[in-house]
Amino acid sequence: MFKIKPPATDKIYESGEQAEAKGYETLSKLVSRMIRGLFVFKTRKGEIVAASSTFFILMSFLPLMLLSIGVYGWVVGDVTLAHSHVMNLVRDNVPGLAPWILTSLDKIITNHLSQVKGVSVASMAILCYAMMGFSSSLLFGMNTLSSQASRGGKFFEDMRAFLGAMAIACFMFGFTLLNTDLGFWSSQSAGAWWGSSMIFLLRYNILQTTLALSFFSIFYKSFIPGKIRNLDALLGGVSFVALFLLGKSFYWVYLHHMKAEFAATFGNFETIVMAVTWIYFIQCAFFYGASVACAPMRLREEKLEVVPEQDQAA
């Protein structure tokens with residue numbers, strides 16, 4: 001007997017239904033992961049940890065800028081150029097910062113650079129040490145969200161904080177370098193075969209986003225205690241970067257609906273309050289990403305805790 005082959009259109013319909021089912025299943029898992037991460041963030045007081053980390057980043061903001069300028073200037077061989085690029089990066093990524101605040105920061109950094117003869121490894125190490133408070137607050141927050149106790153003693157924790165500060169400095173250098181004006185990159189890549197592709201990737205923030213995703217995924221993987229799978233760390237990095245871009249894109253809500261109220265309430269300090277609120281939002285987004293990364297680890301621990309109770313009941 002001859003077998004009747006199904007029409008080709010039936011196979012197309014079947015493959016489309018399978019793709020739809022698979023897409024629905026994947027989307028459901030992603031939404032479930034985001035919700036579970038939110039529960040971890042809320043039940044383990046992630047907003048309080050973010051508030052304390054905001055205080056430390058305000059105290060470490062100037063050392064962070066000096067460290068970025070130092071590393072950048074050391075690599076490109078021009079501290080003045082590094083100073084200009086870092087100030088542009090702050091201006092572009094801290095929305096609505098008042099000009100007088102930027103001018104004050106610029107004067108402080110200029111005075112510091114005029115008193116220091118060049119940039120040395122020792123000076124960058126000292127700045128990294130000054131940033132250890134901020135780095136320690138990040139590590140403490142990730143320990144709290146993952147519900148894992150610190151191990152190795154005080155010396156080991158300090159070393160982790162120092163390595164975390166150095167990692168943040170390296171990321172800031174790379175992020176600053178990629179966020180320089182396109183004219184700088186056009187002059188550097190003139191005549192190179194990769195020049196046009198590089199400009200395209202930089203213009204649409206593809207390289208910057210890739211660097212941020214890679215760094216924060218590796219940061220979660222390396223510094224969250226416990227077993228963090230690569231996919232979980234990647235989802236955490238995606239969550240943080242997505243929230244950062246979303247918050248930056250929706251800044252127009254503040255400009256159109258809340259700027260007048262902030263100005264009437266806080267007067268000349270309105271931009272400072274908004275800048276602190278923005279930093280707090282970034283810290284909440286960072287710890288939410290950490291919650292997304294460590295949420296499956298918590299689920300595995302809960303399953304392991306349930307097994308002995310079932311055995312006892314049997």
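**Exercise 1. Work out how helix α2 is oriented relative to helix α6, and which residues bring the two together.**

α2 and α6 run roughly antiparallel to each other, and the steps below show how this is reached in what is a predicted model.

Step 1. Begin with the geometry: helix α6 covers residues 132-146, and α2 packs against α6 at an angle of about 170 degrees, with the two axes 8 Å apart.

Step 2. Compare the angle with the cut-off: angles over 145 degrees count as roughly antiparallel, and α2 and α6 therefore belong to that class.

Step 3. Find the residues that meet: on the α2 side they are Gly 46, Val 49, Ser 53, Phe 56, Ile 57 and Ser 60, while α6 contributes Gly 133, Phe 134, Ser 137, Leu 138, Gly 141, Thr 144 and Leu 145.

Step 4. Sort these residues by character: the contact of α2 with α6 holds six nonpolar and seven polar residues, and no charged ones.

**Exercise 2. Determine how α2 packs against α3, and describe the contact between them.**

Step 1. Locate the helices: α2 spans residues 46-76 and α3 spans residues 79-93, and they pack at an angle of about 135 degrees with their axes 8 Å apart.

Step 2. Classify the angle: this value makes α2 oblique to α3.

Step 3. Add the handedness: the crossing in which α2 passes α3 is right-handed.

Step 4. List the partners: α2 makes the contact through Phe 61, Met 65, Ser 68, Ile 69, Tyr 72 and Gly 73, and α3 through Val 79, Ala 82, His 83, His 85, Val 86, Met 87 and Val 90.

Step 5. Sort them: nine of the residues in the contact of α2 with α3 are nonpolar, four are polar and none is charged.

**Exercise 3. Decide how α7 and α10 are arranged, and state what kinds of residue make up their contact.**

Step 1. Take the geometry: helix α7 covers residues 153-178, and its axis comes within 10 Å of the axis of α10, the two crossing at roughly 175 degrees.

Step 2. Classify the angle: α7 and α10 are therefore roughly antiparallel to each other.

Step 3. Look at the residues: those of α7 include Leu 163, Ala 167 and Phe 171, and those of α10 include Leu 211, Phe 215 and Phe 219.

Step 4. Sort the whole set: the contact of α7 with α10 comprises 13 nonpolar residues, three polar and one charged.

**Exercise 4. Find out whether Ser 291 and Thr 180 are buried or exposed, and name their neighbours.**

Step 1. Place Ser 291: this residue sits in helix α13, which covers residues 270-313.

Step 2. Read its accessibility: Ser 291 has a relative accessible area of 0%, and is buried, since buried means under 20%.

Step 3. Identify its surroundings: leaving aside residues up to four places away in sequence, Ser 291 touches Gly 37, Val 40, Phe 41 and Leu 145, and its side chain reaches the backbone oxygen of Phe 287 at 2.9 Å.

Step 4. Turn to Thr 180, which is found in the loop between α7 and α8, and which counts as buried at 7% relative accessibility.

Step 5. Complete the picture: apart from residues up to four places away in sequence, Thr 180 touches Tyr 72, His 85 and Trp 185, and its C-alpha atom lies 9.9 Å from that of Leu 81, although 99 residues separate the two along the chain.

**Exercise 5. Describe the backbone and the accessibility of Lys 45 and Asn 205.**

Step 1. Check the backbone angle: Lys 45 has a positive phi of about 60 degrees although it is not a glycine, and Asn 205, also a residue other than glycine, has a positive phi near 60 degrees.

Step 2. Place both residues: Lys 45 is in the loop between α1 and α2, while Asn 205 is in the loop between α9 and α10.

Step 3. Read the accessibility: Lys 45 counts as partly exposed at 46%, and Asn 205 likewise counts as partly exposed at 39%.

**Exercise 6. Summarise the protein as a whole.**

Step 1. Count the elements: the protein has 13 helices and zero strands.

Step 2. Consider burial: of its 314 residues, 39% are buried.

Step 3. Consider the contacts: among those with a separation of 6 or more, 78% join residues 24 or more positions apart.

Methods:
Residues numbered from 1 in each chain as written. Predicted model: local features only at pLDDT ≥ 70, side-chain atom pairs only at ≥ 80, totals over all residues. Heavy atoms only, no water. Helix = DSSP H or I, 4+ residues; strand = E, 2+ residues; numbered from the N terminus. Buried < 20%, exposed > 50% of the residue type's maximum accessible area, 1.4 Å probe, protein only. Polar contact = N/O pair within 3.5 Å; in protein donor to acceptor, adjacent residues only side chain to side chain. Contact = heavy atoms within 4.5 Å. Axes fitted to C-alpha atoms, helices over the stretch in contact; angles between N-to-C directions. Parallel < 35°, antiparallel > 145°, perpendicular 65-115°, else oblique. Left-handed = near helix turned anticlockwise from the far one by under 90°. Nonpolar A, V, L, I, M, F, W, Y, C, P; charged D, E, K, R; others polar.
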